[in-house]
Amino acid sequence: MTRIVLGSEPRLLNVLRAVVRFRAQEAGFSPSDSEYVALAVDEAAANIIRHTYRGSCDGHMALEVRRLPDRLEFILEDWGPKVCEDKIRPRPLDELRPGGLGTFFIYSFMDECSYDQDYKKGNRLKLVKFLGKGCLRNDGSSAKTR
Amino acid sequence: MTVQVRKLDKISIIDCSGDVDLYSSPRLREALMAEIKTNGPSVLVNMSGVAYIDSSGIATLVEGLQHSRQTKTQFGLFGLRPNARSVLELARLHKVFTIFDAEAEALEKIGSVKPFDGV
């Protein structure tokens, strides 16, 4: 198990990505899939910075990576206001607008994504990636969809 | 991430390298908007050095595209690495952007790209 605590600073996201890439490759994911897994976790952390802490660098978040026999779990915790899970939805892709793709990438590359409703100190998001399951199909579509 | 701007005749080339994420994308945005506003008619983003791009980086490129349409600037990307291309394809943006494989092709063809291509 790996656990790191970071400030809510965008410049620290590369540290988080490095940890995720390392653990994903160690678990047997290809460099390419490790990159997609890192992107999904990065997007979740960026959402904490942007939405939970509203861009303030004064907050903190923790990333825990757990290796289980069949999967990797990424637990992201923050100590900000509770997010409304119902409002977190990927945007339709037929809209051409600058924002809103982060959640789409999280849902596309991860196999499970859920908030711990019993966590009272802030938010605890669990992202799951099953071992041996790639992120994209050969045609470039998400391995989750279709 | 580093961002450098070159001028070749009437074409601005923005050489971007490193990771384009929530931290660094504002620097790309600044360069992109400045070139589209002031130096058209053609702006190309060299992505060959971009090892990683997240949704904020993609949002910056989409913003650049939208702004280029308003200013009738020819706008294109070239040198996308496989992961960056895959992410654009997954988001169905590969058909929205004008994308060239390499700089030589981009320089040759950007002049014939209509500013509203890819709509």
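In this predicted model, Asp111(A) pairs with Lys129(A) in a salt bridge whose closest N and O atoms are 3.5 Å apart. Asp111(A) sits in the loop between H3 and strand E4 (112-115) of chain A, and Lys129(A) in strand E5, so the bridge ties together parts that are 18 residues apart in sequence. Both Asp111(A) and Lys129(A) are buried.

A network is built from salt bridges that share partners. Its members are Arg3(A), Glu64(A), Arg66(A), Asp70(A), Arg71(A), Glu73(A), Glu77(A), Asp116(A), Arg124(A) and Lys126(A).

**Salt bridges**

Side chains of opposite charge can pair when their charged atoms come close. Over all chains, the count is 23 salt bridges. Four of the pairs are listed here.

| Acidic residue | Basic residue | N to O distance |
|---|---|---|
| Asp111(A) | Lys129(A) | 3.5 Å |
| Glu77(A) | Arg124(A) | 2.8 Å |
| Glu35(A) | Arg21(A) | 2.9 Å |
| Asp19(B) | Arg17(A) | 2.9 Å |

Take the side chains of Glu77(A) and Arg124(A), which meet in a salt bridge. Glu77(A) belongs to strand E3 (residues 71-78) of chain A and Arg124(A) to strand E5 (residues 123-130) of chain A. The two are 47 residues apart, and the pair links distant parts of the chain. Glu77(A) is buried, at a relative accessible area of 6%. Arg124(A) is partly exposed, at 26%. Both residues also belong to the network described above.

Arg21(A) and Glu35(A) form another salt bridge through their side chains. Arg21(A) lies in helix H1 (residues 13-26) of chain A and Glu35(A) in helix H2 of chain A, so this bridge ties together parts 14 residues apart in sequence. Arg21(A) counts as buried because its relative accessibility is 19%, where the cut-off is under 20%. Glu35(A) is buried too, with a relative accessible area of 14%.

**Aromatic pairs**

The whole structure holds 4 aromatic pairs over all chains. In one of them, Tyr36(A) and Phe109(A) are stacked, at 4.8 Å centre to centre and 20 degrees between the planes. What does this pair tie together? Tyr36(A) is in helix H2 (residues 31-52) of chain A and Phe109(A) in helix H3 (residues 102-109) of chain A, so the pair joins parts that are 73 residues apart in sequence. Tyr36(A) is buried, with 4% relative accessible area. Phe109(A) is buried as well, with 0%.

Phe109(A) also stacks with Phe105(A). Their ring centres are 6.0 Å apart, with 10 degrees between the planes. The two residues are 4 apart in helix H3 of chain A, so about one helical turn separates them. Both Phe105(A) and Phe109(A) are buried. Ring pairs link Tyr36(A), Phe104(A), Phe105(A) and Phe109(A) into a cluster.

**Between the chains**

Chain A and chain B bury about 2200 Å² between them, with 65% of that area on carbon and sulfur atoms. Chain A puts 30 residues into the contact, and chain B 25 residues. The count of salt bridges between the two chains is 2. One of the pairs linking chain A to chain B is Arg17(A) with Asp19(B), whose closest N and O atoms are 2.9 Å apart. The charged end of Arg17(A) also sits over the ring of Tyr52(B), 4.1 Å from its centre.

Ile58(B) brings both chains into one set of contacts. Its place is in helix H2 of chain B. Is Ile58(B) buried or exposed? Ile58(B) is buried, with a relative accessible area of 0%. Leaving out residues up to four places away in sequence, Ile58(B) touches Leu101(A) and Phe105(A), along with Ile53(B), Val87(B), Leu88(B) and Leu93(B). Phe105(A) is thus a partner of Phe109(A) in a stacked pair and a contact of Ile58(B). The C-alpha atoms of Ile58(B) and Val20(B) are separated by 8.6 Å, with their positions 38 residues apart along the chain.

**Helix H1 of chain B**

Helix H1 of chain B spans residues 25-38 and has 14 residues. From first C-alpha to last, this helix reaches 20 Å, close to the 20 Å expected at 1.5 Å a residue. Its buried residues are Ser25(B), Leu28(B), Ala31(B), Leu32(B), Met33(B), Glu35(B) and Ile36(B). What covers them? The cover includes strands E1 (2-8), E2 (11-20), E3 (42-53) and E4 (74-78) of chain B, together with helix H2 (55-71) of chain B.

Terms used
Residues numbered from 1 in each chain as written. Chains lettered and ligands numbered in written order. Predicted model: local features only at pLDDT ≥ 70, side-chain atom pairs only at ≥ 80, totals over all residues. Heavy atoms only, no water. Phe/Tyr/Trp six-rings, centres within 6.5 Å; stacked < 30°, edge-to-face > 60°. Buried < 20%, exposed > 50% of the residue type's maximum accessible area, 1.4 Å probe, protein only. Lys NZ or Arg CZ within 6 Å of the ring centre and 35° of its normal. Expected span 1.5 Å × (residues − 1). Contact = heavy atoms within 4.5 Å. Buried area = accessible area lost by both parts, 1.4 Å probe. Salt bridge = Lys/Arg side-chain N within 4 Å of Asp/Glu carboxyl O.
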